[in-house]
Amino acid sequence: MSAPPSDGPRPPRQVVSFVRRGSRLTRSRQDAWDRLAAQYVLDVPRGVRDTLPAPEVRLDPLEVFGRQAPLVVEIGSGQGENIAAAAARDPGRDHLAFEVYLPGVAETLDRLDRAGAPRNVRLLPLDALHAIAQLLPPGSVTEVWINFPDPWHKSRHHKRRLVNPPLLDALGEVLALGAVLRLATDWAEYAAHMRQVLDADDRLESLHPEGPRPHGETTDPVPADMPALGWAPRFDGRVRTSFERKAQDAGRLVWDLAYAWRGGDHRREG
Ligand SMILES: C[S@@+](CC[C@H](N)C(=O)[O-])C[C@H]1O[C@@H](n2cnc3c(N)ncnc32)[C@H](O)[C@@H]1O
């Protein structure tokens, strides 16, 4: 992997949605990396941080995948359960996963191998929030998945949440008209925050305006203004990951959201 430049001016501070945990790989993950990274990981030149591409880098999906096909992007793919299963299940679509946690990327490589080495998937160990608009052409993405993003519970950290207006502006640069945005969280308070951010954006339209909230009680506090309707059913294509299992073991509900991208550039006021 290319290292970020060590001299020169310090990069401007950016609010990022992740904490870079260790990037040391266990022996089996290193082995997966050595065998499979060249096939799957897009090792683009890095910019001011090793999670950012150099300013001149662009990706052409036609070149990356060798064909034109609908493109699914997962942001924060973790250990790769979903992207690997989706790529194997759906050979007619291409899949791009952003994940900054390198052990997760290595685990994904191993999983792809076990899923029959699908050719319609690539991994980007980059900060999607600050890279996607630069990397991908306008209108190139037909579906985006954000499953169980880090909740950033403290109010002073809410600005670090991935699901916030800056992400929608970045996605707005790359989404095709009618593209679908699917999200899930196991934290009621983050679910309410997502609803506020997404419902306030005129460019998005709920796919389930009448959808009831998930059935049952949850062990975490539910904000008083939690909308009763507008929730998506559990996305069929979503594989149950360790994050979802832990949430369910702890008695928390999972909140699913789904929106279509309608375009335009007006965000609702208030
Ligand atoms: C709580 S985990 C969930 C992983 C996976 N989606 C799942 O359901 O198992 C959130 C993941 O998002 C990644 N992440 C957070 N912000 C990111 C960003 N801006 N770009 C890429 N990955 C990000 C983190 O490294 C972490 O692995």
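The lining of the largest pocket is a mix by class, with 15 nonpolar, 10 polar and seven charged residues. That pocket is a good place to start a tour of this predicted model, since the ligand takes up its space.

**The largest pocket**

The largest pocket holds about 660 Å³ of space. Its lining counts 32 residues, and those closest to its centre are Arg-21, Gly-76, Gly-78, Glu-99 and Asp-150. Several elements contribute to the wall: strands E1 (71–75) and E4 (141–147) each supply at least two lining residues, and so do helices H3 (81–89), H5 (128–135) and H8 (242–249).

**The ligand and its shell**

Now let us look at the ligand itself. Around it stand 20 residues, with Ser-17, Gly-76, Glu-99, Asp-127 and Asn-147 the closest. Gly-76 and Glu-99 thus appear here as well as among the residues closest to the centre of the pocket. By class, the shell around the ligand is made of 10 nonpolar, five polar and five charged residues.

Which atoms of Glu-99, Asp-127 and Asn-147 pair with the ligand? For Glu-99, an N or O atom of the side chain lies 2.6 Å from an oxygen atom of the ligand. Asp-127 also uses its side chain, where an N or O atom is 2.8 Å from a ligand nitrogen atom. Asn-147 takes part through its backbone instead, with an N or O atom 2.8 Å from a nitrogen atom of the ligand. On its own the ligand has 600 Å² of accessible area, and the protein covers 96% of that. Asn-147 is also the last residue in the range of strand E4 (141–147), one of the elements that line the pocket.

**A second pocket and a cavity**

The second largest pocket has a volume of about 190 Å³. Fifteen residues line it, and Pro-214, His-215, Arg-234, Val-254 and Asp-256 are nearest its centre. Helix H8 returns here: H8 and strand E7 (255–261) each give at least two residues to this lining.

How many cavities of 30 Å³ or more does a search of the whole structure find? The search finds one, with about 30 Å³ of space. Its lining consists of Leu-42, Leu-59, Pro-61, Val-64, Phe-65, Leu-96 and Leu-136. Helix H2 (residues 61–65) gives the most to this lining, with three residues.

The table sets out the linings by class.

| Space | Volume | Nonpolar | Polar | Charged |
|---|---|---|---|---|
| Largest pocket | about 660 Å³ | 15 residues | 10 residues | seven residues |
| Second largest pocket | about 190 Å³ | seven residues | two residues | six residues |
| Largest cavity | about 30 Å³ | seven residues | no residues | no residues |

Polar and charged residues are absent from the lining of the largest cavity, whereas the lining of the second largest pocket includes two polar and six charged residues.

Note on methods:
Residues are numbered from 1 along each chain as its sequence is written. This is a predicted model: local features need pLDDT of at least 70, side-chain atom pairs count only at pLDDT 80 or more; totals for chains, interfaces and linings use all residues. Side-chain values use heavy atoms; hydrogens and water are left out. A residue is near a molecule or strand if one of its heavy atoms lies within 4 Å of it. A polar contact is a pair of N or O atoms within 3.5 Å; within protein, one must be able to donate a hydrogen and the other to accept it, and residues adjacent in sequence count only if both atoms are side-chain atoms. Accessible areas come from the Shrake-Rupley method with a 1.4 Å probe; for residues, only the protein chains shown count as cover. On a 1 Å grid over the protein atoms alone, a cavity is a set of points where a 1.4 Å probe fits but cannot get out, and a pocket is an open set with protein on both sides within 12 Å along at least five of seven lines; lining residues have an atom within 4 Å of a point. A molecule sits in a cavity or pocket if more than half of its atoms lie within 2 Å of its grid points. Ala, Val, Leu, Ile, Met, Phe, Trp, Tyr, Cys and Pro count as nonpolar, Asp, Glu, Lys and Arg as charged, and the others, Gly among them, as polar. Grid points are joined across faces, edges and corners, and a volume is the space filled by probe spheres set on the points. Helices (H or I, at least four residues) and strands (E, at least two) are DSSP runs, numbered from the N terminus.
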